[in-house]
Amino acid sequence: MSGKYNIVTYGVAFAIILALNFLLPRMMPGDPLMAIYGDEALIAMTPELKASLVERFALDQSLWQQFGAYISSLFQGDLGYSYYYNAPVIDVIMGSLPWTLLIIGTSLVLSTLLGILLGIESGWRRGSRTDRAMLAGLMSLNGFPDFFLGLLLLIIFGVLLGVCPLSGAMTPYSGLSGMALVLDVLKHMALPVAALTLAHLSGGYLLTRNTMISVLKAPFMLTARAKGLSQRALKYRHAGRNSMLPVITMTGIWLGRLVTGALFVELVFAYPGVGYLTYQALLARDYPLIQGVFLMVTFSVLIANFSVDMLYPRLDPRVSYAY
Amino acid sequence: MHIDIKAEIKRSRAGRIGIALLLLIIAFAILAPLLSGYDPGQQSTDSLLPPSTSHWLGTNHVGQDIWSQLLYGARTSLLVGFGVGIISLVLSIIFGVSSALIGGLCDNIVMRIVDAFIIVPMVVVVILIAAYVKPDIPALIIILSALSWQGGARVIRAQALSLKERGHINAARACGGGRPYIAWRHIIPDLGPILLVEFIYGVRRAVFMEAGLAFLGIGDPMLVSWGEMMRDAMKFSYLDVWQWWLIPAGVMLSLTIIGLTFVSHAAETVIDPRLKGAEVA
């Protein structure tokens, strides 16, 4: 993707997201206010409140004016009000965001590093018994949906062995502090992170392995070998480093998959992040919250993708020559 | 690209394992009424029974036979999977090939839209739509297809662009063949293995999404689905029931996806011969 098209692409992506978020509730049959605010709002609804909401969303005006009102409130950071939590949507999301960032960040780093490392080893020994075993194993692992992996880990380590807590992000009302608190948090995040890491290992692995196989045939590898470099230097410094680059282009896409993976895994472990919040919002039909989470997640993934696109030509100058 | 793809897939062990797994699941789905004596939706007062000769995998919390739910669950999964696979493949071909042949502004616009869809996380979009629409199977197939043809269109367009420059296409054009004729007679048949890989990707995504949505509880509650089974079973994980309730549903789902992954891997090796000799033998 060259620079100009890039901006256009992201612009179109943002437009699609905003259009979905704006049109879906308004296209539903029945009172649009109900679809925008969900069942929970009915209980709190008074004629005055209703009048003020209709005015705020410009619901009595044309679709374009409604869209204008929607965009202007978005720009003021107003994602709406959750009647289920009785708090502004943005506050509810911000409360659970740190936990999600914690497990997603940790598993992104772990799965990428582990994937690259396994990919280098496997590609170096291509065609050997180890390589075949690793390839078959990781491809099968790829077939396990993240929530099933999470459930398996939960049953093995939580229920059968009892070494890990079954749910939550820390022991409630424990009054722990300092090191004990850190350990408690680590213990609670171990299984969700393990599930996410295992489920997303194969992407980095397969890509690194495939690149490794083509890099090993490159002329510079022959030169390096002819110079009499050690196997170690050949494997990591020459072949390995060059096989890592494509992985970086994919991190943005993988981040998107990890976010959706976290959604399911958090539900399995009742981990109080954005995914669990979404699940509860779906149960309660808390539409403002569902929409808020949707905007938040898609925007963050797009921004992450964009940063990767911007960063990559600096890491691999060959890319910018290509256009 | 005149390769006998069937022979190539059969030659690789991954391909054979994958095809065997898929045939097994398809047999389960087709023979479900013969393999089980119970209606999967039939509730009874015998809830949470352990496995026995009458209920091979026991019963669930509302007294439904788990074995027959497992078999009929294969129907839901495969129906959604293959439905989405076919529809999104057709959409990919239409947009990919026409965009490559027409070129210019049209190509540019289609590709910008395709790229935009590729970077938006699809699962989150599907969840948002499903939360409002509460789709039944046909609606789910349409929603998933509409959101999953874009990646394939990109790959098919790239291949069609390179095919377009070949000699026999020029010859066909010189003989007066129009764009639809060239697309239908010359481009699409030569896309062979790529179409298979994209089709399997589509099926795999859809199988996963259907189970995921049911797991989140935003599928059709009347449907028998592996995701739904896992969601119900999860609530009883403190009992022993996970052994014959949760695990079989998860294993069936995983085997389906693994089967698809293995077949697509074997087919990918056909497309990219550089990977050859390094496959799972």
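## Helix packing and the A–B contact

L70(B), G73(B), A74(B) and S77(B) of α3(B) meet P248(B), A249(B), M252(B) and T256(B) of α12(B). By class, this contact between α3(B) and α12(B) holds 5 nonpolar residues, 3 polar ones and no charged ones. Keep in mind as you look around that this is a predicted model. Helix α12(B) is a good place to start, since it also gives 9 residues, the largest share, to the side of chain B that touches chain A.

**Chain B as a whole**

- Chain B is built from 12 helices and 0 strands, so read from the N terminus its elements are α-α-α-α-α-α-α-α-α-α-α-α.
- The C-alpha trace of chain B spans about 75 × 45 × 30 Å along its principal axes.
- Of the 281 residues in chain B, 52% are buried.
- If you take the contacts in chain B between residues at least 6 apart in sequence, 72% of them join residues at least 24 apart.

**Helix pairs in chain B**

- Helix α3(B), residues 66–102, crosses α12(B) at roughly 35°, and their axes come within 11 Å.
- The crossing of α3(B) past α12(B) is right-handed.
- On the α3(B) side of that contact, L70(B), G73(B), A74(B) and S77(B) are the residues to look for.
- In general, residues three or four places apart on an α-helix point the same way, because the helix has 3.6 residues a turn.
- Helix α6(B), residues 137–148, packs on α10(B) at an angle of about 130°, with the two axes 11 Å apart.
- That angle makes α6(B) oblique to α10(B).
- The passage of α6(B) by α10(B) is also a right-handed crossing.
- Here L140(B), L144(B) and S148(B) from α6(B) meet G202(B), R205(B), A206(B), M209(B) and E210(B) from α10(B).
- The contact of α6(B) with α10(B) contains 4 nonpolar, 2 polar and 2 charged residues.

**A helix in the open and a loop residue**

- Helix α8(B), residues 167–174, has 8 residues, and the number buried is 0, so this helix lies largely in the open.
- Just after α8(B) comes G176(B), which has a positive phi of about 95°.
- K134(B) sits in the loop between α5 and α6 of chain B.
- K134(B) counts as partly exposed because it has 13 C-beta neighbours inside 10 Å.
- From K134(B) to P221(B) is 87 residues in sequence, yet their C-alpha atoms are 9.5 Å apart in space.

**Where chain B touches chain A**

- The contact draws 40 residues from chain B and 47 residues from chain A.
- On the chain B side, the elements that give two or more residues are α4 (104–119), α5 (122–133), α10 (192–216), α11 (226–234) and α12 (246–271).
- The side of chain B that touches chain A is made up of 29 nonpolar, 8 polar and 3 charged residues.
- One residue to click on is L128(B): leaving out residues up to four places away in sequence, L128(B) touches L20(A), L24(A), I290(A) and F294(A).

**The largest nonpolar core**

- The largest nonpolar core has 164 residues, and those touching the most other members are I290(A), V293(A), V126(B), I127(B), L128(B), M230(B) and A249(B).
- Helix α10(B) supplies the largest share of this core, with 17 residues.
- L128(B) and I290(A), both named among those core residues, also touch each other.
- A249(B), another of the core residues just named, is one of the α12(B) residues that meet α3(B).

**Helix packing in chain A**

- Helix α12(A), residues 231–269, and helix α14(A), residues 287–315, pack at an angle of about 175°, and their axes are 9 Å apart.
- This angle makes α12(A) roughly antiparallel to α14(A).
- From α12(A), the residues L245(A), I248(A), T249(A), T251(A), G252(A), L255(A), G256(A) and V259(A) take part.
- Opposite them, α14(A) offers V297(A), V301(A), A304(A), N305(A), V308(A), Y312(A) and L315(A).
- Together the contact of α12(A) with α14(A) counts 10 nonpolar, 5 polar and no charged residues.
- Elsewhere in chain A, L152(A) lies in helix α8(A), residues 146–160.
- L152(A) counts as buried because it has 20 C-beta neighbours inside 10 Å.
- L152(A) and A195(A) are 43 residues apart along the chain, with 8.9 Å between their C-alpha atoms.

Methods:
Residues numbered from 1 in each chain as written. Chains lettered and ligands numbered in written order. Predicted model: local features only at pLDDT ≥ 70, side-chain atom pairs only at ≥ 80, totals over all residues. Contact = placed C-beta atoms within 7 Å. Helix = DSSP H or I, 4+ residues; strand = E, 2+ residues; numbered from the N terminus. Nonpolar A, V, L, I, M, F, W, Y, C, P; charged D, E, K, R; others polar. Core = buried A, V, L, I, M, F, W, Y, C linked by C-beta atoms within 7 Å. Buried ≥ 20, exposed ≤ 12 C-beta atoms within 10 Å, placed from the backbone. Axes fitted to C-alpha atoms, helices over the stretch in contact; angles between N-to-C directions. Parallel < 35°, antiparallel > 145°, perpendicular 65-115°, else oblique. Left-handed = near helix turned anticlockwise from the far one by under 90°.
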